[in-house]
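Here is a friendly walk through a two-part question: what does each chain look like, and what is going on inside? Keep the 3D view open as you read.

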Amino acid sequence: MTTERDLDRRLSTWLHDEADPNSSPAYLGETLTLLDDTPQRRWLRAVPIVSVVDRRPVPIDRRIVRLALVATLAVAGITASLLVGSGPRPAPSIGPAGNGLLALGDGLDLLLVEPSTGRVVDRVPDALGTELYPAFSPDGTQLAFFSKDPIGDAYGGSPRRLFVMPTDGSRPPAELTDDRAAWDDGEPAPAWSPDGRQIAFVALAIESGVVGVFSVSLDGEGPRLVIGEEGVQRGMFAQPRWSPDGTWISYRGDTPRPDDPGFLDTSLLIVPPEAGPPVLLATTTGQNSSFSDHAWAPDSRRIVYTRRASAESADDLVAVYDIEARTETVISVDGVPAYRPAWAPDGRSVAFFEEQAEGTPSLVIVELATRERTDLGPVVDCFFTWSPDGTSIAGLEPGCKGDAVLVPVTEAGRGVTVIVIPGTATGPISWQRVAP
Amino acid sequence: MDLQLVERARDGDRAAFTEIVMASLADLDRTARLITRDSERAKDAVQETLVKAWRDLPGLRDCSRFEAWLRQLLVRSCIDELRRGRRHRVEVELIDLHEARGRDVSMSVADRDALDRGFRRLDAEQRVLVVLHYYADLPLESIASSLGIPLGTAKSRLSRARASLRAALEADARTGVAMAEGRA
């Protein structure tokens with residue numbers, strides 16, 4: 001029997017023996033010639049427009065502020081008057097829309113891909129690390145994403161920087177956070193407000209030590225704290241999501257257990273975007289990672305989420321919470337682990353993964369009114385998103401180690417199209433909404 | 001890595017980048033060879049890494065992170081190389097007797113063969129985890145970050161890789177016993 005320590009020793013010895021310390025690759029000259037043919041990318045450095053770091057207030061001459069405000073409004077008014085009537089119609093911010101581009105990561109950069117042809121129409125490099133978690137604005141005109149540094153920092157996690165750029169590439173990405181301020185432990189796609197003017201995200205304000213949900217305005221205002229606390233652990237606030245009617249921001253939070261405040265439960269809460277007391281929707285006891293992947297229905301009355309089936313179980317289930325009725329309805333099959341739900345654009349059905357005995361999970365769609373199930377089979381894995389018109393789903397191919405795939409939702413898993421991705425498709429996918 | 005050298009290279013100084021290449025090529029090549037177990041693939045991965053590094057270096061804001069960034073580029077290139085379809089070519093390693101003498105004698109040839117076979121059966125990310133953890137001695141947090149996966153995922157994948165390697169060693173040990181007893 002090989003012990004752990006023995007295996008460690010043998011592995012280390014073998015690898016160090018295999019790596020010849022005196023080896024000298026013979027292709028130095030060839031590599032330098034390759035570099036001669038490679039121009040450096042003149043990357044337009046992202047322009048920090050705001051900072052999430054709490055800074056001491058600096059006295060400002062209010063007359064200058066007023067003058068600047070008047071000038072900004074005047075420019076905005078002229079620009080708006082030029083644009084009205086001449087540009088394309090914006091996509092409706094809620095409900096089905098036309099299908100635009102796909103945004104997904106290839107392990108380093110973000111790719112914008114035309115889904116019908118699989119053509120990569122643009123690449124969003126930052127060269128600062130990994131670009132991930134793309135999120136198109138509701139009208140499809142902006143793309144927000146995080147950029148993760150190559151290595152963790154003193155906070156022991158993977159700090160991220162939030163960027164936004166126009167989808168047409170007319171301006172370089174603008175940074176909305178300072179270094180290492182933004183992060184989220186649970187798949188933190190930037191959360192757009194329905195009007196596309198603000199983005200909510202979880203962050204640590206470095207100077208004050210406040211951890212919480214922040215909201216940053218693309219107009220240059222903010223970021224401001226929506227809800228947070230000083231000196232708390234990172235998991236206390238996670239996964240903010242904006243309700244489609246703009247009245248709430250939901251988030252997953254840790255709350256003190258009523259009968260024993262020394263322990264924390266995992267809860268789903270909502271809070272007004274302009275800040276205010278949070279409203280507790282549901283709580284699970286002693287189960288980390290409960291209420292993950294929660295998402296608002298287009299009607300802003302229901303939230304679908306993954307939660308642990310019970311305190312004793314390691315399995316997850318998928319349920320829909322009705323905010324007005326304060327009731328939960330489990331929509332996954334009892335005893336079958338299910339996770340990562342996503343609303344269809346019309347809000348009538350929910351797709352989610354259903355675990356199988358082994359291998360790739362099955363993608364299941366449940367029509368909520370009839371409970372009719374459509375099992376698309378093990379066609380996608382890890383991450384998927386609905387097309388804005390609700391006719392297909394884009395996801396990572398089974399195993400999540402290569403390409404992306406398109407799956408028509410009406411043909412029960414038939415007609416899968418592979419989109420070949422240069423490199424390796426990783427992370428969540430966002431599908432641009434455009435006017436139909 | 002000399003910070004000023006990286007800053008000069010970032011600003012477009014090719015001579016500075018050549019110095020960086022000369023200083024890091026052997027180490028990159030060793031790591032890539034360990035991951036890919038193929039000198040040609042290692043060469044391709046290293047060259048792709050250095051081309052990307054030169055191309056994208058102007059975007060690197062914090063030059064003190066250059067080495068970690070370069071490692072991340074190498075890891076991605078190695079993984080891509082391994083996934084780019086298998087080449088129909090067998091590489092036979094000729095062990096130099098003098099070199100062999102320098103190896104740790106506590107490990108048998110059978111052990112090395114078993115580890116080699118077990119390692120080749122690992123998927124690309126598991127290979128990266130094993131090499132960066134046991135050869136480069138990097139903490140799992142950094143490795144997870146290089147791979148762009150959560151720490152918990154890195155831990156579980158490393159655990160699976162170790163289990164697979166342990167199984168390879170134990171299978172060989174069983175075969176050895178069977179042969180010794182005349183059953184194989």
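## The two chains

In chain A, 53% of the 436 residues count as buried, where buried means under 20% relative accessible area, exposed means over 50%, and partly exposed is in between (1.4 Å probe, protein chains only). This is a predicted model, in which local features need pLDDT of at least 70, side-chain atom pairs count only at pLDDT 80 or more, and totals for chains, interfaces and linings use all residues. Residues are numbered from 1 along each chain as its sequence is written, chains are lettered from A and ligands numbered from 1 in the order in which they are written, and side-chain values use heavy atoms, with hydrogens and water left out.

Chain A has 3 helices and 28 strands. Helices (H or I, at least four residues) and strands (E, at least two) are DSSP runs, numbered from the N terminus. Chain B has 9 helices and 0 strands, so to speak an α-α-α-α-α-α-α-α-α pattern along the sequence. Buried residues make up 52% of its 184 residues.Now for contacts, meaning heavy atoms within 4.5 Å. In chain A, among contacts between residues at least 6 apart in sequence, 44% join residues at least 24 apart. In chain B, residues 24 or more positions apart account for 66% of the contacts with a separation of 6 or more.

## The nonpolar cores

A nonpolar core is a set of buried Ala, Val, Leu, Ile, Met, Phe, Trp, Tyr and Cys residues joined through side-chain atoms within 4.5 Å. In soluble globular proteins, nonpolar side chains tend to be buried together. The largest core here has 62 residues, and B:F17 and B:V130 touch the most other members. Which residues is B:F17 in contact with, leaving aside its neighbours within four places in sequence? They are A:L35, B:A9, B:L50, B:A53, B:W54 and B:L57. Another core, of 16 residues, lies apart from this one, and its members include A:Y133, A:L176, A:I199 and A:V216.

## Helices of chain B

Helix 7 of chain B covers residues 124–135. With 11 of its 12 residues buried, this helix is largely enclosed by the rest of the structure. Among the buried ones are B:V128, B:V130, B:Y134 and B:Y135. How far should the helix span? The expected span of a helix is 1.5 Å times one less than its number of residues. For helix 7 of chain B that gives 16 Å, and its end C-alpha atoms are 16 Å apart, which agrees.

Look at both ends of this helix, too. At the N-terminal end, B:D123 acts as a cap, with a side-chain oxygen 3.2 Å from the backbone nitrogen of B:E125. Just after helix 7 of chain B, B:D137 takes a positive phi of about 55 degrees.

Helix 4 of chain B (residues 66–83) is home to B:S77. Is B:S77 buried or exposed? With a relative accessible area of 0%, B:S77 is buried. Leaving aside its neighbours within four places in sequence, B:S77 is in contact with B:A45, B:E48 and B:T49.

## Strands of chain A

An open sheet of 4 strands in chain A has the order 16-17-18-19, with antiparallel pairing; two strands pair if DSSP finds at least two bridges between them. Strand 16 (292–296) and strand 19 (327–330) of chain A stand at the edges with a single partner strand each, so one side of each has no neighbour in the sheet. Strand 16 of chain A is joined to strand 17 (residues 302–308) of chain A by 3 bridges, and the two run antiparallel. A:S292 stands opposite A:T306 in strand 17 of chain A.

Strand 28 of chain A (residues 426–434) has 7 of its 9 residues buried, so this strand is largely enclosed by the rest of the structure. Strand 1 (residues 98–105) of chain A pairs with strand 28 of chain A in the antiparallel sense over 5 bridges. Here A:L102 stands opposite A:W431 in strand 28 of chain A.

## A few residues to click on

A:Q239 sits in strand 12 (residues 237–242) of chain A. Its relative accessibility is 2%, so A:Q239 counts as buried. The side chain of A:Q239 reaches the backbone nitrogen of A:D293 at 3.2 Å.

Most residues other than glycine have a negative phi, and most peptide bonds are trans. A:S300 has a positive phi of about 60 degrees although it is not a glycine. A:S300 is in the loop between strand 16 and strand 17 of chain A, and at 10% relative accessibility it counts as buried. A:R340 is not a glycine either, and its phi is near 55 degrees, a positive value. You'll find A:R340 in strand 20 (residues 338–343) of chain A, buried with a relative accessible area of 16%.

Definitions and conventions: Polar contact = N/O pair within 3.5 Å; in protein donor to acceptor, adjacent residues only side chain to side chain.
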